[in-house]
Amino acid sequence: MYIEVIKHSKKWITLSTISFIIFLGMFLIKGLNYGIDFTGGSLIQLNYTNSITLADINKELDGLSVEIPQLTSTARKVQVSQADNNVIIRTPEMSDKNTEVLLTKLQELGEYKLERAEKVGATIGEELKTSAIYALSIGGLLIVLYITMRYEFKFAIAGILTLLHDVTAALGVIALLGYEVDTPFIAAILTILGYSINDTIIIYDRIRESLRKKSDLTFGEVLNKSLNQVLVRSINTSVTTLLALVAILVFGGDSLRTFTTTLLVGIGVGTYSSIYISTPLVYLFEKKRDDKYEPKKDDDDDSHPEEKIVV
C-alpha cells in the first residue's frame, strides 16, 4: 500500500482546519459538563433491585425539596439507567444529616444497594481544575522541548498543532454528548497526548533516518516514502487499541463511559492526524527545501544511480 499524502498536503491541512473549527465550536458553544470533582457538591449512586424510572425519583425529590433546598429541580441532576436500575443523583453540597434523610426517603421506592456517596468541597474542585490545566500545559511544553532537541523546532510546532487538533476533537465530542467530566477525564486527555505523539514520533524518526541516507528523492518524496514505511504499523497499533476500548465502552458500565469515549475519540482522531496533519505540516513549513534539496549519490557508484523504492 502506497498513499500520496504530501502531494495533497494543502487539501489535508484545509480539511483538518475545518474539522478543528467544528470541534472547537462544539466545545465553546456546548461547554463541558463538569462533575462533582470540579464543581463541588454531593453525589449519590444507588442500584435498585426493582424497576425504577426517572419520574419516580423526581417525585420523591420534589417532595423533599421544601425541606432540603439542594434537591430543587434546578439544583439537582438525576440520571436513571433502566437497563440496570442504576440511579445517580448530583446536588450542591449537602450535610450528612440531609443525605441520611434522602437515603431513607428513597427506600420507599424499593430496596437498593448504596454504590457510593461522595462529597467534594467547591475549593477542592477549583484546585483540581487548576491542577488539570497545569498538567496539560506542562505536558505540552515538555513535548515541544523534547521534539525540538531530538529533531527540529518546526517538527515540534507541527507535532503540537497535531496534538491540539486531537485534544480539541475529544473535548468537542464530550461536550456535544454532555458526558460528565471528572478526574479520569484528565487522565484520558493526558493519555491521548502521549499516544498521539508516539505515532508522530515514529514517523519523524523514520523521516530523520531517511534524510541521512543518500538518495535521489526530493524532500517531499522523502517525507512521503518515510510515512508509507511506517503506515501499516501505525494503523495496526491503533486498531488493536481501539478494539480494546470498544470492549470497555460496551461492558465497562457508566462509570467508565466518559473516560473510554474520550480515549476512543482521541486515539481514533490521533491516528488520522499523525498521518494527514503532522507530516504535511512539516512539508509546508519546510517546502522550500524541495527547491534546494540536492540529490546525494555514492561517490564510487556514479554509473548505477539509486532506484526509487516504492513500499
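The paragraphs below lead through this predicted model, from the overall form of the chain to a few individual residues and their surroundings.

The chain is built from 10 helices and six strands. Its C-alpha atoms fill a box of roughly 90 × 35 × 25 Å when the directions are taken along the principal axes, and the radius of gyration is 26 Å, where a compact globule of 311 residues would have a value near 19 Å. Of the 311 residues, 44% count as buried, while the accessible surface of the chain comes to about 16400 Å², with 60% of that area belonging to carbon and sulfur atoms. Among the contacts in the chain with a separation of 6 or more, 81% are accounted for by residues 24 or more positions apart. As for charge, there are 31 positive and 37 negative side chains, and the centres of these two sets lie 5 Å apart.

Annotation offers a second way into the model. In an unreviewed entry, UniProt lists residues 155–284 under "domain: SSD"; in the model this span is 88% helix and 2% strand, and its end C-alpha atoms lie 11 Å apart. The UniProt annotation "transmembrane region", likewise from an unreviewed entry, covers residues 12–29, 131–148, 155–179, 185–204, 230–251 and 263–285. Two of these segments can be set side by side: residues 230–251 are 100% helix and 0% strand, with end C-alpha atoms 32 Å apart, and residues 263–285 are also 100% helix and 0% strand, with 30 Å between the end C-alpha atoms.

How helix 8 meets the part of the chain that follows can be read from Leu245, which has its place in helix 8, residues 219–251. Leu245 has a relative accessible area of 8% and is therefore buried, since the limit for that class is under 20%. Leaving out residues up to four places away in sequence, Leu245 touches Thr260, Leu263, Leu264 and Ile267. One of these partners, Leu263, is 18 residues from Leu245 along the chain, and the two C-alpha atoms are separated by 7.6 Å. Seen from the other side, Thr260 has its place in helix 9 and is buried because its relative accessible area is 1%. The contacts of Thr260, again without residues up to four places away in sequence, are with Leu245, Ile248 and Leu249.

Phe259 also lies in helix 9, but it has other partners, touching Pro184, Ala187 and Ala188 once residues up to four places away in sequence are set aside. Phe259 counts as partly exposed because its relative accessibility is 26%. Phe259 and Ser238 are 21 residues apart in sequence and, from C-alpha to C-alpha, 17 Å apart in space.

Where helix 9 (257–285) gives way to helix 10 (289–292), the loop between them holds Glu286. Glu286 has a relative accessibility of 8% and so counts as buried. Apart from its neighbours within four places in sequence, Glu286 is in contact with Glu152, Lys154 and Phe219.

Another buried position is found in helix 6, residues 153–177, which contains Leu163. The relative accessibility of Leu163 is 3%, which is why Leu163 counts as buried. With residues up to four places away in sequence not counted, Leu163 touches Ile143, Leu193, Ser196 and Ile197. Ser196 is 33 residues from Leu163 along the chain, yet their C-alpha atoms are separated by 6.8 Å.

The last stop is among the strands. Asn85 has its place in the loop between strand 3 (77–81) and strand 4 (86–91). What is the sign of phi at Asn85, which is not a glycine? Its phi is positive, at about 55°. Although Asn85 belongs to a loop, it counts as buried because its relative accessibility is 13%.

Note on methods:
Residues are numbered from 1 along each chain as its sequence is written. This is a predicted model: local features need pLDDT of at least 70, side-chain atom pairs count only at pLDDT 80 or more; totals for chains, interfaces and linings use all residues. Side-chain values use heavy atoms; hydrogens and water are left out. UniProt positions are given in the numbering used here, feature names are shortened, and annotations may be inferred rather than shown by experiment. Helices (H or I, at least four residues) and strands (E, at least two) are DSSP runs, numbered from the N terminus. Buried means under 20% relative accessible area, exposed over 50%, partly exposed in between (1.4 Å probe, protein chains only). Contact means heavy atoms within 4.5 Å. The radius of gyration is taken over C-alpha atoms; the globule rule is 2.2 Å times the number of residues to the power 0.38. Accessible areas come from the Shrake-Rupley method with a 1.4 Å probe; for residues, only the protein chains shown count as cover. Lys and Arg count as positive and Asp and Glu as negative; His and the chain ends are not counted. The place of a charge is taken as NZ of Lys, CZ of Arg, CG of Asp or CD of Glu.
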